[in-house]
Amino acid sequence: MRFSTVAGALVSILSLGACSSPTPPSPDVAQGDAADAATSDMVAPDASDDVSQPDASPPVPASIAHCTFEPMPSTARAGTMVTEGSVRAGASEVVIEMPVGTVLGGYQGRSSRTRAVDMRDVPSADVFMPSVGIETRPMAKALAITGGDETVVLLSLDLPLNYDTIVSDVERALGAEFNGKVIVGTNHSHGSPGQFTANPVISLGLGRFQRRMYQRVIDASVQAAREALMARVDARVGFAHDGMFDPMDRVSRDRRPENDAMAGGRRKDRDLYVLRVEARDGTALAMVNVFGVHGTVLGDSNALMTTEVTGAIERAVEETFDRRVVVMHLQGAAGDVSPSGDGMIDCSGVTGNVQCSDFARIEAVGRAARDSIRAAWDRAGASMRETLSIESVTRSVSLGPDWSTFAVRDGARRLEYAPFRRNRLPDGMIFGAMGAVLSPVDEFNAPHGAGLCGGDNGPLVPTAALPGVSMLRPYRSCIDVQRGSIFVLGVGNIPEERSPFCASTRTQVTAMRIGDLMLATLPGEPVTLLADALRARSPMPPERTVVIGYAQGHVGYLLTPEDWLQGGYEPNINLWGPLEGEYLVEQTAALMTLANTAMREDAAMGAAPRLPSPMSRPDTLAPPEMAMGAGTVPASVPAEVFVRGRRAIARAQPATSVPRMGLATFVWLGDDPQRQNARVRLERESAPMSGVFAPVLRRSGRAVSDQDLLLTWTPFPLRAVAGQARSHYWAVEWQAVTPQGTSGLEAIEDRAGVALGRYRFHVEGAGWTLDSEPFSVVAGALSVSAARSGTSFTVSAGYEARDGWRLIAPSGAQNRRVALRQGPVRVTFEMDMGAPRSEMVMALSATGTTTIDLGMQADRVRRIVVRDRFDNEGAATP
C-alpha cells in the first residue's frame, strides 16, 4: 500500500493551515499500506514521558485492558488421525457487490477529495475521494477440496488488503467443522474497494470503516465458499513449480534496492506455484497460481474499481480454457515487487482528473504472465493425484505491546527487544563488529508501536520521535503511535481509538498441508527474502512450500531484521519494528510442523484470544436514495454526467454507426449504487436485421461485461438537497475492438477485427431491465501515409484510437498512432489518365511500412489505398 502523502498531510496540519500541498505518490514506489497511519493514538504525551527523569520501577507493557477479544475456537477434528482418502473438489466465483462511491483502497492520497473528479456528495466516502465507476468488479473466488475426512476452503478476494476477522466470520458461517480450515487471501489491487477494515491504522489507506461494506465482503465470501462446497465432484489434483518465472521482468520487477547486497543482486519473487484441479474425467475445474506482484499500475487519482494486474492475470488465463474455469491468483512475496508491462496510455497534456487510466498496461501484464502460468498447468497434469491427506491449522498470535513477544532465533543468534520504556535511551549501536544485529535491540523503544520508520530524515511529528535515535537510520524517522496519532488519524477523519490499537495487538497465521504440498500464510506484505526464510523453515522442500502473503490478516510490510534495518520505504509500514516479520515467520513455521504430523493437533492451544467481529457495530449509512426515473433513458444528458476523459455526451443513445476502434456510449437513469450497481453486458444481433440479440461470449463462456466495458455513475444534482430526490445517471462505453477471449482472434494484433454487425447494451437494475438502441459496428479507418523517392513509394499504415483505453499493440502508447504490424495488407495504387489501378498484397515491417517500386507507372499514381486483413481501409496522396 502507499502512504507518501501522509507526509504532505502532516506538514499541512503542523503548519496550521499553510498552503503546502500533499506530496504526490511516485508511480513506481509502493506507497504503503494504510499501515502508514500506524503512527497514531489519540493520547497526547505527558510529563511521565520525559527521558530526563529516571524511573527505577520495573517496566510493564502498555495496558490493553480497553480491548475486547474472543477465545480462539478449537481446531475442527483435533485429536483425530490424518487419513488419506478420495479427492473431491468444487469451485465458485461471486461478485463482491461493493457500491460505486465506495473509497478505493491502497493509497492514502485518496484521503482527500481534492483529487476527485467532481464535487459529488457521497456520504459513505466521508472525506475520502469516492469511486465513480467500474472497470472490473471485485470477485470472491473459492476452491473447496476434500481429502478423506478433511475439507478445506481457499478464498481469493479482490480487495486491497485483508482484515483478520474475515476468516473467522467465514468459518463461523460455514460451521464449526471449518474452524482452522479456511485460508482467505487478497489480491492487493490498489483499485479495489476499501472501507471494510476496522483497523484504524489501515483505514487511513482504505477509508473509514463502514459495517455495510464489511457485510458485503462477508456475504460474497460465504456465498462463494458454500457454492464451491456444493459443487464438489470426484476430482484429482496436481501441482507444478517454476523457480525462474518471468526472467525478463515482463510481468514484474524488484523495487527494493536497499537489500540488493543481502540478496546477491536484484532479486524478486520468481517462484510460481500452480495448483491444478480437475474432475476425474479430465474436465478442468479450477487453477490456483501463486506469485508476488503489486497491483499498482494505476495511481491514487484512479477512481474506477479495478482488479488491477492480478485480475488481468486471472482473466488472461481464464480465456485459455474452452469452458468456465475458476482461476485464482494468490499473492506470494509481493512486498518488494512492482508490476511491469509494455503497453501504456499516454496521458501527456491531460489536465484535471479525467480518469486517463492505464488499463492497457494492466492487460499487457496479464498477457505477459499467461503463457508461463498455462505451461505450469500443463506440467502439473503429469502428477495428478486422486487421493490425498489434508491437515490445516490456524492460530491467533499476539503482537505488541509486550516486547518479549518478539524474541526470535535461538542461542547466540537470539534477537529480542529491550523493554519498552520511554525514559530509556539506546546505546546507539545497531550492528556488531561482524555486521550482526546487536541484541537486545534497544533503539525500537515504542510502548504502543511506531510507524513511518526507515527514512533518512527526522520524524514528521517531532514530538513523537523515539527517544535518542535522531542520528540513527532507520529509526530516526519513526513516529511513536501514542504521541503521533492525534495528527495522523485526523488526516482521514478516522474515529479516535485508545492506544495500543486493539487491532494492532493480534493477527493470525495458517499452515495447510494438501498431500505433500505445504501452504503457509503471512498476514501482511512479505518481501522476497522473508519468504525465503519461511520456506527454509518448512518441513517440505522449498519448491513444495507455497508462501501466501496478504492472507488471514494484515500488519503491514514483513521483512527480516537485517532487511528492515537497511531502511527504505517498506519499514514505513509496520508497527512493531525490525523483529515483527521474523516473529511471524517463526509462528507460521511452528504451525507447519503441526500440519505435517499424523494426528490433527488443536492449534487453539497456546493461541492468543482473537479479534472480535465488527459485525456488531451499527450501520451508520442512510438507506439507499429513491432514484428518479430508474430504468429509463433520459431525453438529454446533463453536462455534469461524468465519463472517462470528461467527454461531452450529445445524446443518451449510442451513435447509430461506430467504426472499429471507435467508442460506443450509452447513458440511462438507474439506481442509487447503495441499492445496486448497474450490470451491463454487450449483445450482438444473431442474424442480420432479425432483431434477436444474444450476449457476446468469450472463449470461456463468460459474457463480455467487465474490462471491455467501462461503467461510470453520476448523481444529479451532484450535491444532495434535503427533501429532494436525485437522479442517478449511469454511462457505459465500449471501444469497438475484439473482446479478450474472442475465439480465433485472441492476439493483440487481432483487435481491429471485431465482428461487424449490429450490437446493443443490455442493462439490469433493481427489478428492471433496459436495452439500448442497436448500433452498427462498421469497418474502421487506417492511418496511411506515403512518401515518394524516385519511382518508389514508402507506404506506412497504422491505427489511431486517441479516445481509446484498450491494448491494441504489443508496446507503445495505445492511444496514439500504432503501426499496423500484422499482415498481409492489400495496397492499391489508383492511377490518373484512365490507367488501370495496380493492386498487390504486401507484408509490412515491424514499423508498419513497406516500399514499392512502380517504375514507369510512378508518375501516374493519384492515390494509394491500404486495406488490412479485416478490410479496414485508409488512403494517402503521395
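Buried means under 20% relative accessible area. Keep that cut-off handy for the exercises below, which all use a predicted model.

**Exercise 1. Work out how far to trust the model, and where to be careful.**

Step 1: Start with the overall score. The mean pLDDT of the protein is 91, and 93% of its residues reach 70 or more.
Step 2: Now look for the weak spot. Across residues 4-53 the pLDDT drops below 50, though this stretch still has 150 contacts in the model beyond near neighbours in sequence.

**Exercise 2. Decide whether the radius of gyration agrees with that of a compact globule.**

Step 1: Get the expected value. For 878 residues, a compact globule would come out near 29 Å.
Step 2: Compare. The protein has 29 Å, so the two agree.
Step 3: Add the other overall figures. The C-alpha trace spans about 110 × 65 × 60 Å along its principal axes, and 62% of the 878 residues count as buried. Among contacts between residues at least 6 apart in sequence, 77% join residues at least 24 apart. As for secondary structure, you get eleven helices and 40 strands.

**Exercise 3. Find out whether helix α2 is mostly covered or mostly open, and what its buried residues pack against.**

Step 1: Count. Helix α2 runs over residues 164-174, and nine of its eleven residues are buried, making it mostly covered.
Step 2: Name some of them. The buried set includes I166, V167, V170 and L174, but also charged-type side chains such as D164, D169 and E171.
Step 3: Look at the partners. The buried residues of α2 pack against β4 (150-157), β5 (182-186), α4 (211-230) and β18 (506-514).
Step 4: Check what comes next. G175 follows α2 and has a positive phi, near 115°.

**Exercise 4. Pick out the unusual backbone spots and place each one.**

Step 1: Recall the background. Most residues other than glycine have a negative phi, and most peptide bonds are trans.
Step 2: Take the cis bonds. The one from S439 to P440 has omega near 5°, and P440 sits in the loop between β15 (390-398) and β16 (450-451). Another joins F716 and P717, with omega about 0°; P717 is in the loop between β27 (709-716) and β28 (727-735).
Step 3: Take the positive phi values. Q195, not a glycine, has a phi of about 65° and lies in the loop between β5 and α3 (200-206). R409, also not a glycine, has a phi of about 65° and belongs to the loop between β15 and β16.
Step 4: Apply the cut-off. Q195 counts as buried because its relative accessibility is 0%; R409 counts as buried because its value is 11%.

Key. Residues numbered from 1 in each chain as written. Predicted model: local features only at pLDDT ≥ 70, side-chain atom pairs only at ≥ 80, totals over all residues. Heavy atoms only, no water. pLDDT = per-residue confidence, 0-100. Contact = heavy atoms within 4.5 Å. Helix = DSSP H or I, 4+ residues; strand = E, 2+ residues; numbered from the N terminus. Rg over C-alpha atoms; globule rule 2.2 N^0.38 Å. Buried < 20%, exposed > 50% of the residue type's maximum accessible area, 1.4 Å probe, protein only.
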